[in-house]
Amino acid sequence: SVEHGVPWGILIPTYIFFVVSASGMCLVSSLGHVFGVGRFHLLGRRAVFLAIITLFAGFIAIGSELERPWRMLIYVVLSPNLSSAIWWMGTLYGLELFFLVVELFFLSRVEIARKGQESSGLAMGFYRLLALGSRDTSEEALRRNMGLARMVGGGGVVSAIAATSTLGAVFGLLGAKSFWYGPYMPIYLILSAFVSGAAILALVTLLNYRFTRREMGPEVSGLVIDLGRLLVLFLGVLLFVMGLRTIVGLYGDISGSSEALMLMIRGPLSLPFWGLEVLVGILVPLFILLYPKTRTVTGVGVASVMVIVGTRP
């Protein structure tokens, strides 16, 4: 339907893309400072900051979809509907945002305190305010703040998984929407989060060094390659889940599901499905990242662009 010249519901896919990508960046970045995996600690503040910005973009998109978004902010607290998957989705994404902001604070606190010591006047007061009065830049302060960031980051991981799973349940529990109906939707969206999160972080890391014309050291280039390996893993699992969903939809005798799938496989939506989502979004990036001669920093960047353009939550 169309109201006031705007297609109703067009911003919902935009919202899903942003919040799922934010959760993916939260999960991928946690591999470093939360779980201590390899070089992923280098993502640190950049990844958390990007996740916050992307999550805000998702909130702006869904807020623009509503006629009076302030009512949502008021009544989600005053009259919570605990049986509503949408209420839980909004609450959990709000909780994820809280954890991300606090996590970014602890990751940046020592650096902010250091800038405060190097500044004077209003700038010094501003930095001290951001650091909540802290002036400690010692190694002990760094370890203490990293420990707190690790604890808060663990909460962010739990809330990101819970929020994305609940978003999947919003669609997966609706029998009227047979194409999305099913218990696989939460898993499918979590996989999509890892895929889009890893692709965005790899691309932003690469572009940051290219635009600033800085030389990428072996540790950072190794990180980009590691992100490419993550993409291979999750793209492969995502392709398997897509195939399984298609088989179940076609042969499971679910009312409306097979008809919807045929529109994508052989109908008017077949070109964007096979050409964009499957070929550009999954198969070609998999080939680039698996072939030794193209599994380079630039190759990971190209594959990441294709993944971001081609895949959809």
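H2 and H4 are roughly antiparallel to each other in this predicted model, because their axes cross at roughly 150° and any angle over 145 degrees counts as roughly antiparallel. The crossing of H2 and H4 is left-handed. On the H2 side, the contact includes Val48, Phe49, Ile52, Leu55, Phe56 and Phe59, and these belong to a set that meets H4 residues, among them Leu97, Leu100, Val101, Leu104 and Leu107. Charged residues turn up here too, including Arg45 in H2 and Glu96, Glu103 and Glu111 in H4.

Now for the other helix pair. H7 covers residues 185-212 and H8 covers residues 218-251, with axes that cross at roughly 155°. That makes H7 roughly antiparallel to H8, and H7 passes H8 in a left-handed crossing. From H7, residues including Leu191, Phe194, Val195, Ala198 and Leu201 take part, while H8 brings in, among others, Leu227, Leu231, Phe234, Leu238 and Arg245.

Here are the two pairs side by side:

| Helix pair | Axes come within | Crossing angle | Contact residues |
|---|---|---|---|
| H2 and H4 | 9 Å | roughly 150° | 13 nonpolar, 3 polar, 4 charged |
| H7 and H8 | 9 Å | roughly 155° | 19 nonpolar, 2 polar, 1 charged |

On to the pockets. The largest pocket holds about 790 Å³ of space. Its lining has 26 residues, of which Ile62, Met72, Ile86, Met89 and Gly90 are the closest to the centre. By type, the lining splits into 19 nonpolar, 5 polar and 2 charged residues. H2 and H4 come back here: along with H1, H3 and H6, each supplies at least two residues of that lining.

How values were computed
Residues numbered from 1 in each chain as written. Predicted model: local features only at pLDDT ≥ 70, side-chain atom pairs only at ≥ 80, totals over all residues. Heavy atoms only, no water. 1 Å grid on protein atoms, 1.4 Å probe; cavity = no way out; pocket = protein on both sides within 12 Å on 5 of 7 lines; lining within 4 Å. Points joined across faces, edges and corners; volume = space filled by probe spheres on them. Nonpolar A, V, L, I, M, F, W, Y, C, P; charged D, E, K, R; others polar. Axes fitted to C-alpha atoms, helices over the stretch in contact; angles between N-to-C directions. Parallel < 35°, antiparallel > 145°, perpendicular 65-115°, else oblique. Left-handed = near helix turned anticlockwise from the far one by under 90°. Contact = heavy atoms within 4.5 Å.
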